[in-house]
Amino acid sequence: MAGIIKRFKDIMSANINALLDKAEDPEKMIDQYLRDMESDLGKVKAETAAVMAEETRAKRELDECGQEIEKMQRYAEKALTAGNEEDARKFLEKKAQLARNKETCQQVYDSASANAEKMKEMHDKLTKDIASLNERKASIKAKLAAAKAQQRMNDLTAKVGNVSVTDGVSAFDRMEAKADRMLDEANAMAELNTPSSEDLSVEDLKKKYDGGASADVDDELAALKKKMGL
């Protein structure tokens, strides 16, 4: 009895949703919790029957004791009416003894009644939880399956989004930066190879004078041809 009563607080404070939330594998937890509750319910039923029987016995003894007290009271009154004071005294002494016994019977009954009430509450709680969990079992397992599928999808999405694509973008960024660097270097080299404005002016002057010398030769050639009649 002590063991099952000790389980009372655990069973009465048990919360199915809280237990499932804490479970690493809620699907397995559902089946295990159902087995545990059904096992507890079997023990509770047997113990409840025993406790209720004890309550009934204690109540019967309490009632019988009360009836005996009333009986001794009536006998004492009859003895006095008959003028037998000594007999009346004996009946009253017995009544006093029964009154003390009644106090003990009352304590036994109160304890048995409290235990029976606890057992009934525990029985009703377990019965209700088992019925509720059985009704929700299929739904809970379906939700858990959907949650696992969604988690796998989330993991896959995270892998593609955070690893593969990120790595590809990083590689592309590196190639683009390298191309920009090469273009900048080529532009710088072209700028170095382009003559300055001062150099262009000198070249222009050289071409000017080179062109003048060529014109003098042409004039001299024309004069020579005229002289020779050609």
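A helix here is a DSSP run of H or I with at least four residues, and helices are numbered from the N terminus. With that in hand, aspartate 63 can be placed in helix H3. The model you are looking at is predicted, so please read each value below as computed from it.

**Exercise 1. Get your bearings**

Task: Find how many helices and strands the chain has, and in what order its elements run.

Solution:
- Step 1. Count the elements: the chain has 5 helices and 0 strands.
- Step 2. Walk along from the N terminus, and the elements read α-α-α-α-α.
- Step 3. Put residue ranges on two of them: helix H3 covers residues 26-81, and helix H4 covers residues 85-193.

**Exercise 2. Inside and outside**

Task: Work out what share of the chain is buried, and which atoms supply 55% of the exposed area.

Solution:
- Step 1. Buried residues account for 18% of the 230 residues in the chain.
- Step 2. Turn to the surface: about 17,100 Å² of the chain is exposed.
- Step 3. Carbon and sulfur atoms supply 55% of that area.

**Exercise 3. A salt-bridge network in helix H3**

Task: Starting from arginine 57, trace which residues are linked with Arg57 in a network of salt bridges, and explain why the partners can be reached along the helix.

Solution:
- Step 1. Look towards the N terminus. Glutamate 54 makes a salt bridge with arginine 57, and their closest N and O atoms are 2.5 Å apart.
- Step 2. Check the spacing. Glutamate 54 and arginine 57 are 3 residues apart in helix H3, so about one helical turn separates them.
- Step 3. Now look the other way. Arginine 57 also meets glutamate 61 in a salt bridge, again with an N to O distance of 2.5 Å.
- Step 4. This second pair is 4 residues apart in helix H3, which means a separation of about one helical turn.
- Step 5. Join the two bridges: Glu54, Arg57 and Glu61 form a linked network.
- Step 6. Ask how open these side chains are. Partly exposed covers the range between 20% and 50% relative accessible area. Glutamate 54 has 31% and is therefore partly exposed; arginine 57, at 28%, is partly exposed; and glutamate 61, at 33%, is partly exposed too.

**Exercise 4. Another bridge in helix H3**

Task: Describe the salt bridge of lysine 71: its partner, its distance and its spacing in sequence.

Solution:
- Step 1. The partner is glutamate 68, with an N to O distance of 3.2 Å.
- Step 2. The two residues lie 3 apart in helix H3, so they are about one helical turn from each other.
- Step 3. For accessibility, lysine 71 has 31% and counts as partly exposed, and glutamate 68, with 29%, is partly exposed as well.
- Step 4. To set this in context, the structure holds 5 salt bridges.

**Exercise 5. Where helices H3 and H4 meet**

Task: Use threonine 48, lysine 120 and aspartate 63 to find residues that come together although they lie apart in sequence.

Solution:
- Step 1. Start with threonine 48, which sits in helix H3. Its relative accessibility is 8%, under the 20% cut-off, so threonine 48 counts as buried.
- Step 2. Setting aside residues up to four places away, threonine 48 touches Met119 and His123.
- Step 3. Cross to lysine 120, in helix H4. Lysine 120 is partly exposed at 32%, and beyond its neighbours within four places it contacts Met52 and Glu55.
- Step 4. Take a backbone distance: the C-alpha atoms of lysine 120 and valine 51 are 9.7 Å apart, with their positions 69 residues apart along the chain.
- Step 5. Repeat with aspartate 63, which is partly exposed at 33%. Its C-alpha atom lies 9.0 Å from that of cysteine 105, 42 residues apart along the chain.
- Step 6. Step back to the chain as a whole: among contacts with a separation of 6 or more, 82% join residues 24 or more positions apart.

**Exercise 6. A charged patch**

Task: Find which residues gather with Glu185 in a surface patch, and give the sign of its charge.

Solution:
- Step 1. Locate glutamate 185 in helix H4.
- Step 2. Collect its companions on the surface: Asp173, Glu176, Asp180 and Asp184.
- Step 3. Assign the sign: together with Glu185, these residues make a patch of negative charge.

Key:
Residues are numbered from 1 along each chain as its sequence is written. This is a predicted model: local features need pLDDT of at least 70, side-chain atom pairs count only at pLDDT 80 or more; totals for chains, interfaces and linings use all residues. Side-chain values use heavy atoms; hydrogens and water are left out. Buried means under 20% relative accessible area, exposed over 50%, partly exposed in between (1.4 Å probe, protein chains only). Contact means heavy atoms within 4.5 Å. Accessible areas come from the Shrake-Rupley method with a 1.4 Å probe; for residues, only the protein chains shown count as cover. Patches are made of residues with over 30% relative accessible area and no salt bridge: like charges are joined within 9 Å, nonpolar side chains (Val, Leu, Ile, Met, Phe, Trp, Tyr) within 5 Å. A salt bridge is a side-chain nitrogen of Lys or Arg within 4 Å of a carboxyl oxygen of Asp or Glu. Lys and Arg count as positive and Asp and Glu as negative; His and the chain ends are not counted. The place of a charge is taken as NZ of Lys, CZ of Arg, CG of Asp or CD of Glu.
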